[in-house]
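Here are my notes for you, jotted down as numbered points. Have a look at the coordinates first, then read on.

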Amino acid sequence: MLRNPMDVVNSNERAWHRDTTLAMRQWQVRTLLSLRDTDREHRILVTYEDLFGQTLTTLKRIATQFNLPWTSDEAALQAQIDDFIDPALQKSDSGENLADFEARTDVEPDVKALYLLGRQAAADPDYFASAEFQQRIDEMTDEYLAKYGALYRDFNVKINSKTFFVFGEDQAQVDQVNTTLRNGQVKMVGTEADSHEVAEDLSERLNNNTIAIQTYPLDYLVVEQKEALNNYLRKNAKRETLWGIGDAKNNEIVEMLTTVSAELGADTHNVVIADDLTAIIDERERRLAIQHLVRTLHAVEQPPYLVLMADELGTPASQSAVTAFIAAEPTKAAPLRDEQPDETFKLRTPLDMDEVAATLTVLCRRASQDEQQQAALNHFVSLNYDEILNVKGDQYANSVRN
């Protein structure tokens, strides 16, 4: 069923006090997915106006389309319809014609185009069943995904709770931080979290290059996993005042966690455990640890985050830092910017992974001792992110750089 999006928005606002923009996006994504994913051979498109204004005729069209039995006494059915439908309950019907809707200046072009296309298809069943219509819906869906991301489905107001994510290579270290957070009354879950299975699936796809690190949070290939994560985070964030996930697998999906949290409007606080990278002897293990850490730091730059050195987790200073982090109130201030020139942090190419490990460890240690130093760490990560992620084993992925 296709309904004027302005009437849907008005109904949402009246019934649930829902934000106008988010209600419009809800209408858009549901309409797109319904038109994209239903079977072209076994469907019918009905307008809200026809269903309630020409109910008998519309019901007969539906019955004919799906070979359903139809009454021999249409007068009796019409009487049932008249008795069932109460026009007084209709409180969000603008009665707007297509020309007036098309002339609106308060509706975004992509929303307007989708509704007008739907009305055209509803009036022309042959066009609705055509490859041309389906191609246009596919194009509109791709455009929506590129603009808004693979999932834009939490249409509620901001969640008033704190969500904590702990990122680290070693689960024992992550558990140690989880314990400190629990001591601060944060309800932490670890590898038993529903997100663990999602992380395993996404990390496998990232490792076999089925999806790309830079774009997978917006990739429709993983929309089911993203929706599962969305629902899990939203449910817990609404239920618990202080809660979080401490799972070493968080490292694998940091971009997805931060993207979904942002879409939810969650007050997210990230704890990043940094190893002394210079102490890792195995080259592959060190490279992966560096890349995970850089990915994490790159993804958590905007929300509040805390760096803890792995070799200092048991110290009173680290425990005090976590306690203060739990109590800290969110700030709307932009992250501090490092004013040092890029040359201060730009790594030489081709990359020397010994240099990367040493520099990153020093910057993390400074940031763990003074949050003002996070600006310098962010600067380093931003400058060298692509280069570090492109390193594959003993080979350099970017031959032009070499």
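1. Start with the pair R119 and E49: their side chains form a salt bridge, with 4.0 Å from N to O. This is a predicted model, so the usual care with side-chain placement applies. The contact ties together distant parts of the chain, since R119 sits in helix α7 (residues 109-123) and E49 in helix α3 (residues 48-53), 70 residues apart. R119 is partly exposed, at 22% relative accessible area, and E49 is partly exposed too, at 27%.

2. How many salt bridges are there by this rule? The count is 17. As a reminder, side chains of opposite charge can pair when their charged atoms come close. One of the pairs is D106 with R104, where the closest N and O atoms are 2.8 Å apart. R104 counts as partly exposed, with 23% relative accessibility.

3. Another one to click on is D201 with R205, at 3.4 Å from N to O. These two are four residues apart in helix α11, which means that about one helical turn separates them. D201 has a relative accessible area of 26%, so it falls in the partly exposed class. If you prefer networks to pairs, look at R25, E108 and K147, which salt bridges link together.

4. On to the sheet. It is open, has five strands with parallel pairing, and runs in the order β2-β3-β1-β4-β5. Its edge strands, β2 (187-189) and β5 (305-309), each pair on one side only. On average, neighbouring strands are turned by 20 degrees against each other, ignoring direction.

5. Inside that sheet, β1 (residues 162-167) and β3 (residues 242-246) run parallel and are joined by five bridges. For a concrete register point, take K162, whose bridge partner in β3 is L242. Helix α12 packs on the sheet and touches β1, β2 and β3. The direction of α12 makes about 145 degrees with that of β3.

6. Helix α17 deserves a comment of its own. This helix covers residues 374-390, 17 residues in total, and reaches 24 Å from its first C-alpha to its last. That is close to the 24 Å expected at 1.5 Å a residue. Where is the kink in α17 centred? On N384, with an angle of about 60 degrees. I'd look at the end-to-end span and the kink side by side when you inspect this helix. As for its surroundings, 13 of its 17 residues are buried, so α17 is largely enclosed by the rest of the structure.

7. Now some backbone details. Two asparagines have positive phi without being glycine: N67, near 55 degrees, and N209, at about 65 degrees. N67 is in the loop between α4 (55-65) and α5 (74-84), while N209 is in the loop between α11 (195-207) and α12 (223-239). Are they buried or exposed? N67 counts as exposed, because its relative accessibility is 71%, over the 50% cut-off. N209 is likewise exposed, at 60%.

8. Last, please check the peptide bond between T349 and P350: it is cis, with omega about 0 degrees. P350 lies in the loop that runs between α15 (316-327) and α16 (353-369).

Note on methods:
Residues numbered from 1 in each chain as written. Predicted model: local features only at pLDDT ≥ 70, side-chain atom pairs only at ≥ 80, totals over all residues. Heavy atoms only, no water. Buried < 20%, exposed > 50% of the residue type's maximum accessible area, 1.4 Å probe, protein only. Expected span 1.5 Å × (residues − 1). Bend = angle between axes of the 7 residues up to and from the residue. Pairing = 2+ DSSP bridges. Axes fitted to C-alpha atoms, helices over the stretch in contact; angles between N-to-C directions. Contact = heavy atoms within 4.5 Å.
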